[in-house]
Amino acid sequence: MIPNFINFAKVSDVLLAGAYWNPNAPVLFTKQDLLSEFKIKIIADITCDLDGSIPATKRVSTILDPIYDYDPLTDSLKSPLSNDNFITIMAVDNLPCELPRSSSEEFGRDLIDRIIKPLLQEDSEGVIERGTIVKDGKLSHIFSYLQDYINQKA
């Protein structure tokens, strides 16, 4: 199989690489491709396979230090965002683990701020009222449109 990714790399600015890569499969592009008509300036290598399908992924980055630059002319790493001719790489190997963590933290924060506070204190924005489907055994005004459905099921 001959990869044709370089056709996309000539017209793209960003690459989000998240597909599984098998060492027996061809790489997406080569170091030589980086020196030709390669237009991509930012690569988020979510799979983070060192010596894998992305030859610019030379090291793993971290959540606290997530990016570095790659100089294709010297095949070396540089400070992040240091030169427009370099490619900025994000290769956080535990990023898939961080996404649920971040989501959980944000969900927890939203639950406290947007639900628990209105439940326990003043609900000045009407969040609880707008989210209440049934009260005292009857559909709330906002959800009264469901009455026909309920009548059909009864």
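**View A. Parallel pairing of strands β1 and β2 in the predicted model.** In this predicted model, strands β1 and β2 run parallel to each other and are joined by four bridges. One of the opposed pairs across these two strands is formed by A17 and D45, the latter lying in β2. Strand β1 covers residues 14–17 and stands at an edge of its sheet with a single partner strand, so one side of β1 is left without a neighbour in the sheet.

**View B. Strand β2 against strand β5.** Residues 42–45 form strand β2 and residues 87–90 form strand β5, and the two are parallel, with three bridges between them. Among the opposed residues are I42, which faces T88 in β5, and A44, which faces M90 in β5.

**View C. The surroundings of T88 in strand β5.** T88, a residue of strand β5, has a relative accessible area of 10% and is therefore buried, since the cut-off for a buried residue is under 20%. Its side chain makes a polar contact of 2.7 Å with the side chain of D69. Leaving aside residues up to four places away in sequence, T88 touches K41, I42 and I43, together with I67, Y68, D69 and L81. Of these contacts, I42 is also the residue that stands opposite T88 in the pairing with β5.

**View D. Strand β3 and its antiparallel pairing with β5.** Strand β3 takes in residues 67–71 and is mostly covered, with four of its five residues buried. Four bridges connect β3 to β5, and here the pairing is antiparallel. Within this pairing, Y68 has I89 of β5 as its bridge partner.

**View E. The hairpin of β3 and β4.** Strands β3 and β4 are antiparallel and are held in register by three bridges, with D71 placed opposite S76 of β4. Four residues lie between the two strands of this hairpin, in which D75 adopts a positive phi near 55 degrees. Strand β4 (76–78) stands at an edge of the sheet and has a single partner strand, so one of its sides has no neighbour there.

**View F. The five-stranded sheet as a whole.** The strands described above belong to an open sheet of five strands, whose order is β1-β2-β5-β3-β4 and whose pairing is mixed. On average, and with direction ignored, neighbouring strands of this sheet are turned by 25 degrees against each other. In general, the strands of a sheet pair through backbone hydrogen bonds, in either the parallel or the antiparallel sense.

**View G. The setting of the sheet within the protein.** The secondary structure of the protein amounts to five helices and seven strands, which follow one another along the sequence in the pattern α-β-α-β-β-β-β-α-α-β-β-α. The radius of gyration is 25 Å, well over the 15 Å given by the globule rule for 154 residues, so the protein is more spread out than a compact globule. The C-alpha trace spans about 70 × 40 × 25 Å along its principal axes. Of the 154 residues, 27% count as buried, and the protein exposes about 10,900 Å², of which carbon and sulfur atoms supply 56%. Among contacts between residues at least 6 apart in sequence, 54% join residues at least 24 apart.

Methods: Residues numbered from 1 in each chain as written. Predicted model: local features only at pLDDT ≥ 70, side-chain atom pairs only at ≥ 80, totals over all residues. Heavy atoms only, no water. Pairing = 2+ DSSP bridges. Axes fitted to C-alpha atoms, helices over the stretch in contact; angles between N-to-C directions. Buried < 20%, exposed > 50% of the residue type's maximum accessible area, 1.4 Å probe, protein only. Polar contact = N/O pair within 3.5 Å; in protein donor to acceptor, adjacent residues only side chain to side chain. Contact = heavy atoms within 4.5 Å. Rg over C-alpha atoms; globule rule 2.2 N^0.38 Å. Areas by Shrake-Rupley, 256 points an atom, 1.4 Å probe, with all protein chains shown as cover.
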